[in-house]
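Here is a short briefing for a first look at this structure. Keep the sequence and the 3D view open while reading.

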Amino acid sequence: MKKAFAALMLLTALLLASSLALAQADVLELDGAYYTPASTEVRHWSFAYCDDWFLQPSTSYDHRLACASIGLAVSSFRRDDPEDGHIRSFLEQAGFGDLVATDYDKTPSSETVATMMGCKRLSDGSTLVAVAICGAGYRDEWMSNLTIGGGDVHEGFDAASRKVYDRLLQYVADYAPTGEVRIWMAGFSRAAAVSNLTAGRIMESGQFRQENVFVYSFATPRTTKNPKPYENVFCIVGKFDPVPWMPFSEWGYGRNGVELYTPAQETDSDYRARKEAVSEVYHELTGLTFWNNTDINHQLHMITAYLLSILPTSVDYAEKMQPVMLRVWPDKSIGNISKAMVEMMSDNGLLDELSRGNMQNLLDYLSNVAYSQAVGYVTGRTSFNKSTGMAENLMHEHSPDVYVAWMFSQDEPQALFTDKTGYVRLVLMGNARISLFTNDGFLFEIRPGKGVRMGSDNEEYMEYLVPEEQQPLISVETHGFQTVLTLPKDQTFILTIDPIRAGYFTYYGTLYGTAATQAAMPKLHSIDMELGKSYCVMSVESSEKLEWLDNASLWGESSDEFDIGEAMPGYSPALLMMLESINVFHLTWKQMAAVAAAVPCVLIVAIIGTTVAVRRRRKRRKNAGQNRHDGRRRGGAKQARDDAASDGKKG
């Protein structure tokens, strides 16, 4: 009896194992290849795919399907030459047939949008239609990105969406005229925006059941002023990717569907651990070291804030900036763009006095950034990644490599996506030692001109020291007596200020949110410091008192609270630039323009001076040579006379 029971159990285990093996056999490993926009390299990555993922409702996020979808999105990229080989291979490997490519054979223009569609039968008898939209290598298709318009929908994205939707209906009529139809659509960047609007059209048409429409988009720009919260449309966005910042949320724009954000150092206290996971994937994908740049992120955010101050509504953009941008697009050189901005600023009929002043401030800010980066390159303290180019530095957060790495860094969405979008940029100015704490204990110390130190002279602080590998990854910038800290708003931070010299210490914190362009600025604080006292600055993010702060003597006799709730009137990016530049030498754009204008004059003077000096030197050499020649002639004649006289005497 026992033997029979054991045999039965063994047979059951074998049947279960075989069924699991069959289920695993349905999962395909697709070799996805795509062009990297910043170079001519082709990346290869393995993307898993399974038909069964489409037999469940689309209204539940599936991370496996999301990872397959980014493979569909990036494989649709093309380079400058018309080409659809990568996406065709991707779909063929997944078993899709009846592949139809549109606009891949055309030179990209504002009127084109390249797509590839294919279909296959699923086990339940339904037809799955894949829709891939080209999201890179589209050259002049970018002109439609600039055509925002002043209406409720981004005009350029909407025009492309209409074409994709019409193609989809025609494809379904041609290749899936009967039976239930399921749709799988994905896109990256511009293609993400087009897929986002196309998804809205599909939902509004009522021709397809919502649970049968699977839409995953990546680096999705904002698309409409009337976004719908479709549960089957997922927009995966990098918090500091500048492309999804546009068009501005302050203009009323949003995205259809559900927004999911990847982590950022500025907003997530646990970014250090998250970065370790994504770094492994990024290195395997690219062979390079994963990196991020909080300095560039802030600069791009400031530039967009300036643009919003110049063009506060989408109508302002459509009437004032859009024609200029479309005219500038054929020649995208820095010189041509700067020329166009100067022309806009001088056109009294185009910009009002306030916008013209903000344009002047933007040019000042750009010159400030350019100057600081130039000095950084000379001194070796630049925040730029020297192993790559300018475009990759500025648009690194928009790189498909970064998105692929983040998607494959975790197996579960709960471990990947984060809804934390707020952070504080705290600027402190004064001759004092700054110590930073969290609820876990002491983090590090900052000394003027010397940067961060993990230790402290205060033995009591050291008792609470948090090991460096367990600390939040905090961005710290120091410029003389100015320190800038970027602190996530997901926990409370405490700073103690210990004066090195008596005098005033000033600080303020600007509140940012990655989902919006506009920031908020609380009051400026100023402390008249006395030697021997410690002063406390607290960012209060919860009503709970920090667990280990019962010993008030740790903070000295005086304290001041960093109140994040009381806004300061008159916020503007220009005000922030002015405050941050008080203790930092910089050049305005007019000064840089004067220097640039003086350079040719200096070169001309130098060339003329060099030419004159060379000619004088040549003349002196010629005269010296002539004198030597004449001297030799005179010396020879004298020698001849002396010889003749000597011969006469002998005779």
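**Where to start**

G97 lies in strand β3. The model is a predicted one. G97 gives a way into one sheet, and the points below go on to a second sheet, the helices and the nonpolar cores.

**Around G97**

- G97 is partly exposed, because its relative accessible area is 26%, and partly exposed covers values between the buried limit of 20% and the exposed limit of 50%.
- Leaving aside residues up to four places away in sequence, G97 touches G118, C119 and Y171.
- V129 is 32 residues from G97 in sequence. In space, the two C-alpha atoms are 9.7 Å apart.

**The sheet of 7 strands**

- Strand β3 belongs to an open sheet of 7 strands. The order is β3-β4-β5-β6-β7-β8-β9, and the pairing is mixed.
- Why do β3 and β9 each have one side without a neighbour in the sheet? Strands β3 (97–102) and β9 (258–262) stand at the edges, and each has a single partner strand, so one side of each is left free of a neighbour there.
- From one strand to the next, the twist averages 15°.
- Strands β5 (residues 127–133) and β6 (residues 181–188) pair in the parallel sense, over 6 bridges. One bridge joins L128 to its partner R182 in β6.
- Helix α2 (residues 63–75) lies across β5, β6, β7 (213–218) and β8 (233–238). Its direction is at about 65° to β6.
- Helix α3 (residues 85–93) lies across β3, β4 (115–121), β5 and β6. Helix α3 runs at about 160° to β3.

**The sheet of 5 strands**

- Another open sheet has 5 strands, in the order β14-β15-β10-β17-β18. Here the pairing is antiparallel.
- Strands β14 (475–479) and β18 (525–529) are the edge strands, and each pairs on one side only.
- The twist in this sheet averages 20° from one strand to the next.
- Strands β10 (residues 422–429) and β17 (residues 503–513) pair in the antiparallel sense over 8 bridges. M429 stands opposite T506 of β17.
- Helix α8 (residues 294–310) lies across β10, β14 and β17. It runs at about 75° to β17.
- Helix α16 (residues 573–580) also packs on the sheet, where it touches β10, β15 (482–488) and β17. The direction of α16 makes about 145° with that of β17.

**A helix crossing**

- How do α7 and α13 cross, left-handed or right-handed? The crossing is right-handed.
- The axes of α7 (residues 271–286) and α13 (residues 400–407) come within 8 Å, at a crossing angle of roughly 115°.
- On the α7 side, the contact is made by Y271, R274, V278, V281, Y282, L285 and T286. On the α13 side, D401, V402, V404, A405 and W406 take part.
- By class, this contact has 9 nonpolar, 1 polar and 2 charged residues.

**The nonpolar cores**

- The largest nonpolar core has 57 residues. Those touching the most other members are L91, F96, W184, F218 and M407.
- Helix α2 gives this core its largest share, 8 residues.
- Beyond four places in sequence, F218 touches several residues, including A66, I70, F188, I236 and M407.
- A second, separate core has 39 residues, among them W251, M321, M359 and V427.

Technical notes. Residues numbered from 1 in each chain as written. Predicted model: local features only at pLDDT ≥ 70, side-chain atom pairs only at ≥ 80, totals over all residues. Heavy atoms only, no water. Pairing = 2+ DSSP bridges. Helix = DSSP H or I, 4+ residues; strand = E, 2+ residues; numbered from the N terminus. Axes fitted to C-alpha atoms, helices over the stretch in contact; angles between N-to-C directions. Contact = heavy atoms within 4.5 Å. Left-handed = near helix turned anticlockwise from the far one by under 90°. Nonpolar A, V, L, I, M, F, W, Y, C, P; charged D, E, K, R; others polar. Buried < 20%, exposed > 50% of the residue type's maximum accessible area, 1.4 Å probe, protein only. Core = buried A, V, L, I, M, F, W, Y, C linked by side-chain atoms within 4.5 Å.
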